[in-house]
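Reader: I've got this one open in my viewer and I'd like a close look at a single part. Could you walk me through it?

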Protein chains: 2
Amino acid sequence: MELGRRERKKQQTRQAISDVATGLFLERGFDAVTVAEVARAADVAVQTVFNHFPAKEDLFFDEAGWWRGPARAVRAAPPDADPISVLETQYVQGTRERLAVGHLATWKQFVRTIEASPALLARRRLTAEELERSLTEALDERSPDHLKNRLTAALYAAAQKVLEEKLMAVLPDDASPDELAQAQQELEQAIAEVFAVLRRGLG
Amino acid sequence: MELGRRERKKQQTRQAISDVATGLFLERGFDAVTVAEVARAADVAVQTVFNHFPAKEDLFFDEAGWWRGPARAVRAAPPDADPISVLETQYVQGTRERLAVGHLATWKQFVRTIEASPALLARRRLTAEELERSLTEALDERSPDHLKNRLTAALYAAAQKVLEEKLMAVLPDDASPDELAQAQQELEQAIAEVFAVLRRGLG
DNA sequence: TCCAAAGATGTAGTGACTACAAGAATGGAT
DNA sequence: ATCCATTCTTGTAGTCACTACATCTTTGGA
C-alpha cells in the first residue's frame, strides 16, 4: 500500500524519536533518561512521544512482534514434526544471527542496558509471557493436549532465558575471532544440552 | 528477643496499614485504590505507609520470603535425594495447604486480584525470578553442574506457573465437597504429569 | 527530669502518564 | 486555487507513585 506524505511524515517522526531515545538510553541508561529529555532531544512535544509510543519502555523495545517467532515457526512446520526440534532449529538460527559480526557488540550493549533497568527487566518478562501465550496457541492448533502444550511453551521460555544468560556469560565483550568461535561452540553445546532435556522430558 | 513498646507500636501500625490495604485491594482492585486512600483509611500519613512498605505492591504481597521455600526444601533434603522429587513433594504439600477448607475462597480471590492488575502481575513475575535465583543457589551447593542447576530451577518455576494456572482453571469458585475432591484429584494428576516431565528430562 | 534515638508527619518536588482542548498540516472535493 | 474534514501535533492541567527533607512527637534510658 502506498503511503501518502502524511503517513510518511508520521513514520519519520516516530523513527526520529525512537532513534534519539535508543541512543540516549544506551549511552546513559534507561532510568537516567526522562521522556521529557527524549522529547527535547527529538525536538517534539512530550505528548507527541506518547502519541507514538504507549509507554517509555516501548521507546527501547521498538521492534514489535519478534516474540511471535517461535509460534510462527511451529505453525510453519509440517504437522508431524517434533515441536521441540522445530523450536531448537529456530533458536539456533536466531542465535547465529545475533552472533554475526558487527551485531554482537551492539547486542551485548542492549542486554546490559536492559539488565541495568528494573523497568526494562519487567518489560522483558512481560514479553516472554506473551511469547509463551502465542506459542501455546500455536501448539494447541496441532495437538489437543492443552496441559502438555502449555507446559511445552513454558519450558521453552525457561530454556530460552537460561540460554540467554549463558550467552551473556560466555561471550567476552571484545571478541577476537578465536575467542568468539570457541564461545560460539560452547554456546551451541549448551543449547543442544538444554533442548535435549526438553525433548527427553516431553518426547 | 523482647519487643519494647516502641517496636510493638511500630508493628501494630504496620499491620493496621497492611490489613486495611489488603481489604481495599480485594474489594475494589489494586489499581483502583490509591496509596493516599489506604493511608486515609488507616488514619496515617502517606509517608508513614512508605516508611513501612517500600512500594505499593508490598502492601499486597506482605508475607516476605515465602518464595525461598523451594530452596529451603532442597537444602533440607539428604544430599543424595533427587531434587525434582524433593521439589514435587514440597509443591504437593503447599498445594494441599492452599486447598484446605476455608483458605480456598480467599486464595482464589487473591489470585484474581493479582490477575486483574498489571502491577501485581509484574511483581509476581519478579518474585518468581527471585525464587529461581535462590533455588539455583541451593542446587549449586549440592552439584557442580551450574547449567543444569540453573535449568532445573527455571523449569521448576515454569512448572509451577503452569500448575498455578491449572489450579485456577480447575477449581470452581464455590466448591462443594464433591467437586473439590474431584478437582483436587485432577490437579494432583496434573502435578504428577508435569513433574514426571521434569524428572524424565533432567534425571 | 532531661536527652537522644526513632517513628510519624507535612511540604515540596520529580517523573510517567492521561484527558482535553486547541493549533497546524494535509488530502481530497469542488 | 479554495475550502473543509481529517489527523497529526502541541500545550495545559492534573493524577499517582514515590523521594528528599525538615519538623514534630513519642519513647527508652541515664
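In which loop of chain B is the place of B:Asp43? Take me through that spot, and then show me what surrounds it in the bigger picture.

Author: Sure, and keep in mind that this is a predicted model. B:Asp43 sits in the loop between α2 (35–42) and α3 (46–52) of chain B. Have a look at its backbone there: phi of B:Asp43 is near 60°, which is a positive value in a residue other than glycine. As for its surroundings, 11 other C-beta atoms lie within 10 Å of B:Asp43, and the cut-off for exposed is 12 or fewer, so B:Asp43 counts as exposed.

Now flip over to chain A. A:Asp43 is located in the loop between α2 (35–42) and α3 (46–52) of chain A. Phi is positive here too, at about 60°, although A:Asp43 is not a glycine. A:Asp43 is exposed, because it has 11 other C-beta atoms within 10 Å.

Next, the place where the chains touch. On chain B, 21 residues are in contact with 21 residues of chain A. Three helices of chain B, α8 (118–140), α9 (146–170) and α10 (177–202), each supply at least two residues of the side that touches chain A. The most comes from α9(B), which gives eleven residues to that side. If you're after the chemistry, the residues on the side of chain B that touches chain A split into 13 nonpolar, one polar and seven charged.

Key
Residues numbered from 1 in each chain as written. Chains lettered and ligands numbered in written order. Predicted model: local features only at pLDDT ≥ 70, side-chain atom pairs only at ≥ 80, totals over all residues. Contact = placed C-beta atoms within 7 Å. Helix = DSSP H or I, 4+ residues; strand = E, 2+ residues; numbered from the N terminus. Nonpolar A, V, L, I, M, F, W, Y, C, P; charged D, E, K, R; others polar. Buried ≥ 20, exposed ≤ 12 C-beta atoms within 10 Å, placed from the backbone.
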